[in-house]
Amino acid sequence: MSIEARRDVFQAIADPTRRQIINLIAYQSMNLNAIAENFSISRPAVSQHIKILMECGMVMVRQEGRERYCEARLDALKEVSTWVDQYRQFWNTQFDSLDHYLNQIQNNNQSDQ
Amino acid sequence: MENQVTPKAELKIVRQFKAPQPLVYNAFASREAFAAWWGPAGSTLTVLSFDFREGGRTHYKLDNNGLLMWALFRYQKIQQPDSIEFLSSFTDPEGNISSSPFPIDFPLEVHNRITLSETNGITTLTLHAEPVNATPEQEKTFADLNTSMNQGYEGTWGQLDTYLAKVQA
């Protein structure tokens with residue numbers, strides 16, 4: 001199998017905690033402690049999620065003095081709608097074809113009788 | 001939370017078909033029916049394998065004016081004639097999951113759930129689709145497991161492909 005471990009935007013938002021983190025820092029950057037305060041899971045667990053978000057290109061960490069601030073990179077989210085749009089278009093085409101097929105076989109069945 | 005900026009990468013499509021529910025269900029469940037409609041117009045579909053049951057796989061090839069694509073369905077949960085859940089992915093010719101042939105970033109695997117219901121001869125089909133929630137670690141474990149499990153019948157897949165290519169040539 002050639003499944004490669006990938007870090008991408010889909011990976012980033014697949015997890016509900018990570019979605020909440022992005023929402024939290026979407027309009028203001030926050031340091032790790034401030035982010036962790038919003039969650040019941042442990043600080044290392046939050047830190048792990050942020051690490052994944054960084055690897056997915058969704059979060060950037062900026063050092064300011066002794067503090068590290070997490071910033072959301074919302075541009076990366078555009079990729080999601082691209083995928084969803086493509087997939088929607090794909091299925092709509094399939095359903096047009098299904099519609100055509102269903103009409104056809106029902107007409108054939110009627111003319112057989 | 002107030003400022004929801006994170007779209008969940010999911011998709012819902014509702015369509016109505018002027019056909020009884022068993023007929024719509026059968027369009028997915030029967031190899032003959034599936035082969036008659038699946039695949040965008042203008043492309044040639046070749047169903048390489050078809051095994052519609054929980055745990056079964058359907059592997060097919062699409063030829064769109066010489067642009068070849070292979071894809072795989074892995075059926076997870078089937079409730080005849082009401083719902084079908086399956087994972088879909090692009091593959092290489094041998095059926096190994098591969099990244100998308102499109103220039104955009106596409107999830108490796110998508111979970112699809114199709115539900116059907118009929119009222120007065122009109123069947124409503126609802127499709128829910130979302131990328132599979134797998135961490136790279138899970139994917140690796142899965143890949144490792146599959147490699148050892150597949151080694152036995154990889155050869156058979158290859159032979160089937162060769163056979164199919166021959167009889168259709």
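Two residues count as in contact if their C-beta atoms, placed from the backbone, lie within 7 Å. That idea helps in reading this predicted model.

Start with chain B. Helix α1 (residues 21–29) of chain B lies across four strands: β1, β5 (83–91), β6 (110–119) and β7 (122–131). The helix runs at about 160 degrees to β6(B).

Those strands belong to an open sheet of seven. Its order in chain B is β1-β7-β6-β5-β4-β3-β2, and the pairing is antiparallel. At the edges stand β1 (11–17) and β2 (44–49) of chain B. Each has a single partner strand, so one side of each is left without a neighbour in the sheet. From one strand to the next, the twist averages 25 degrees.

Look next at one pair in the sheet. Strand β3 (residues 57–64) of chain B is joined to β4 (residues 67–79) of chain B by eight bridges. Here B:Leu62 stands opposite B:Met69 in β4(B).

Two loops of chain B deserve a look. Between β4 and β5 lies B:Pro81. The peptide bond from B:Gln80 to B:Pro81 is cis, with omega near -5 degrees. Between β6 and β7 lies B:Asn120. Its phi is near 50 degrees, a positive value in a residue other than glycine. B:Asn120 is exposed, with 4 other C-beta atoms within 10 Å.

Now turn to chain A. Helix α2 (residues 16–25) of chain A has these buried residues: A:Arg18, A:Ile21, A:Ile22 and A:Ile25. They fall within an arc of 95 degrees seen down the axis of α2(A), so they line one face of the helix. Their cover includes α1 (9–13), β1 (30–31), α3 (32–36), α4 (43–55) and β3 (67–72) of chain A.

Technical notes. Residues numbered from 1 in each chain as written. Chains lettered and ligands numbered in written order. Predicted model: local features only at pLDDT ≥ 70, side-chain atom pairs only at ≥ 80, totals over all residues. Pairing = 2+ DSSP bridges. Axes fitted to C-alpha atoms, helices over the stretch in contact; angles between N-to-C directions. Buried ≥ 20, exposed ≤ 12 C-beta atoms within 10 Å, placed from the backbone. Arc of directions from axis to C-beta.
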